[in-house]
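Biologist: I have not looked at this one before. Can you walk me through it?

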Amino acid sequence: MMAKAFRRSRFLGALAATLLACSLLHADPARFDLAGPKVDVHVTRSGKVLPIAQVPNLQPGDKIWLRADLPPTQSVHYLLVAAFLRGTTNPPPDNWFFEIQTWNKKVREEGVTITVPTEAQQVILFLAPETGGDFSTLRSAVRGRPGIFVRASQDLIEAGFEQARIEAYLAAIRRVPPEDSKGLAEHSDLLSRTLNLKPNGDCFKRPVDMQAACLTQAGNQSLLDDGHGQTVADALSSGANSDFIAQASYTQLAGAGTYSAYVGAIVDLIRITSSLHTAKYQYIPAIAFPDGDALNLRLNTPPSFNNPKSVIVIGLPAIQASVPPPLRASSPDSVSCLLKPAVVLPVEGAPLVYATTLAHDLVLHIDGPNGGTDIPVKPDAFEGGLVLSHAPARKPLSLESNPYANSDPVQNVSSNATPESQPAVAASAPAAHQTTNTDTGTITGFWGFDAFKGPTLQLQDTPGKDWKLADDDVLIAGRENHLMLSSTGTACVDTISLDTSAGKLVETKWKPTGKPAAVDVTVSLKSINPGALHLAIKQFGDTKASTVAAKTYSEPARLASLELHAGDTTADLTGSSLDQVQQLTINDLTFTPAPPSTPSNQDTATPTPAPPNSDTQLRLTLPPNSQAPKLRVGDHLTASLSLKDGRTLTLPVTVSPPRPSVTLISKNIGQSSTTPIHLADQDDLPADQQLTFSLKSVVPFPRSGKIEIANADESLHTTLSVSSGNLVLQNPHTILATLDPLKDFGASAFGPLRLRPVSPDGTTGDWLPLVTLVRLPTFKDLHCPADTTQPCTVTGSSLYLVDSIATDVAFTSPITVPEGFVGTALTLPRPAKTGFFLRLRDDPTSANTVILPILPQAAPTAAPNSPTASASPKSPLRN
């Protein structure tokens, strides 16, 4: 039986412990949402009276006026006891306890005033149901265990500060429409900065209609460290006490850090008070929410009027020296415009200024020669700063402080270019001479009874003048642009609009920059053509917009590289949009874009085509008959390229070694003995014949060098080299080469061929003309009738290679062969015994001779009408 009872006792104990843990975790003991009684308090110091909501600290000698604001129907008499404490190990004397009978008519109507004794450090209030020996019981409890009441007083004040910040956040965020997701994010950011809170970031990952509800759930805010709150509560959270609070806030019962320091203070407070009880009383904490004279109390546990009765514990401000709020400007470089309809000064650093009324009678003192001007300001966490009650009535700054005040607001802008393809626009006045029309103002006010001085802020109370574009900005049509506008003051800018040449006003996006008196403007010109436009700057306090003239340009040429070889009169440029290049200047040399073909650097060379795509490749040349510039290999130069629209780009260039150069000495075209065709042009090469030619190199030709052979469009291309056997070095300067067109190019190759040397590193020389590759038809027989007035017939194959034939070298009456002819016979007048003349389709400029014996023809036949040989009467053809 005893063992069974023992096991049951252990089970009940474990169950009780589990229930206690669940009550702390699920009942949310840190949430003080039960309305308690109200106590009116105000404090008098040196003849000045302040409501408790404006008192951050007490000092010895202060007179505290107390009155419990209980309803007339209050059925239970409450005893109000005020106790002063002086540390955890030094019990207070009996005369530091004050008994106040709240049911007394005079007390209820007039209240009671007590004086803070010397050496007191804390003051704590008790509201206890009246019983026999109630006052003595409470006094004995405090004197017997002063440390636990010191801790309770400290934690109550700290929890009140923290809860005030959370309540301020919740109240402000409810002002934003729930469907305004952007507004929720912006105001949450402002509130987080001014109140030193860290809202639940996961709320912004939820659907828009759920974000507001998530942000306003009590307990979802984590408090950041607040230097001022910690300083104010130094006496409350020093030593082991603060360590205990920090540790308690991360326990499982405290939500594992979900509520941070707020939960830490409350959980610690609950543990202290729950462990403190007497035979008659159980102590429950109350968090005070000051509102003027009233301390509105909130409880987390319903009071009990059965033994042990509940005693409500209330903390008052600590008795210590005043610590002014450490207000600071959110951004030291920011300037606030006093001409705005609603002026918000970006000030942060002291959350209690925004969450409480401890800071009061705040003003912005604007410096001036006659003592300055004071403008009342009000802390507003929702706006993220101090809000001015009205705009100041002040005279504008004098002309002496603004030398450009009378300047024309429209500036004409010229342009220059930068090496990074970002042309610069020169301003009309040097930036060094530009002044700003900013002034200063200082935040002053009272922290409780004590005056304090806050940060000094930069202010602007006149519209900015002398607007101009920054030196390194230009507008490019067809894309989004970022440019910098400078002025004597930019804080009062309302809108910046783009006024196009078509008269359309387009509003731009802009933001302040880190530079003084400058704004970064985003201008979209994706649908704007190059040309003149204006930027219109509308400012608060100015009825007329200031205007800055600008010019939009097309996308500037982008330069990739410039190749310049020693001894050359040409330079090759690569990049994009190179059709904008007008000229290139290097030292005293001026290059201009080359026409479709330019003279080569070699005296014996024929015209060399420029790069085919002038948008990405451009050849530039010196004027005709210019001597090769005397540039040394390895010289580092700067090339200046002028564009057609007046901009200038620069590009570094290093002089490269001379390009390889060769001259053609001789060539030998083998003549076939099997064909009756005798070519008139020595530069025509039959496609089935080999070509042997020799070259001369100015410098020793390297054994790993090559000779490149191609036609104009390089659709035919081959390379000759020593290693492949078709190049032979007779000596270091003389090269013998062999070309086999049929093998290298195939049966469909024809047209002019050219050659150029290629050095081992891939550097190429100028193209030199080599030969014209021609394909020859095959002529078999020439038959003529006895009647000399009748035409003759020539037979053969591949006659489509014939352009025309004639009996005289002048081609007085030519017989033209149509394109696509597939016949095997042609008719022509009787030729002379010396043969007839032929123009080839691959080289129709030369009159070549064809010598065939004239054979008799048995009977004359008329040339049939064939669809493949629709010849004119002068051009009889035979299939």
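Modeller: We can start with the whole chain and then turn to some helices. This is a predicted model, where local features need pLDDT of at least 70, side-chain atom pairs count only at pLDDT 80 or more, and totals for chains, interfaces and linings use all residues. Residues are numbered from 1 along each chain as its sequence is written, and side-chain values use heavy atoms, with hydrogens and water left out.

Biologist: How many helices and strands are there in the chain?

Modeller: The chain has 11 helices and 60 strands, taken as DSSP runs (helices H or I, at least four residues; strands E, at least two) and numbered from the N terminus.

Biologist: What share of the residues count as buried?

Modeller: 48% of the 879 residues, where buried means under 20% relative accessible area with a 1.4 Å probe, protein chains only.

Biologist: Which residues are buried in helix α3?

Modeller: In α3 (residues 134–144) they are Asp134, Phe135, Thr137, Leu138, Ala141 and Val142. They are on the same side of α3, because they cover an arc of only 165 degrees around the axis, taken from the directions from the helix axis to the C-beta atoms.

Biologist: What covers them?

Modeller: The cover includes α4 (146–173) and strands, among them β4 (78–85) and β10 (281–291).

Biologist: How do α4 and α5 pack?

Modeller: The axes of α4 and α5 (residues 181–195) are 10 Å apart, at an angle of about 160 degrees. That makes the two helices roughly antiparallel (angles over 145 degrees). Contact residues (heavy atoms within 4.5 Å) include Tyr169 of α4 and Leu191 of α5.

Technical notes:
Buried means under 20% relative accessible area, exposed over 50%, partly exposed in between (1.4 Å probe, protein chains only). Axes are lines fitted to C-alpha atoms, for helices over the stretch in contact, and angles run from 0 to 180 degrees between N-to-C directions. Angles under 35 degrees count as roughly parallel, over 145 as roughly antiparallel, 65 to 115 as roughly perpendicular and the rest as oblique.
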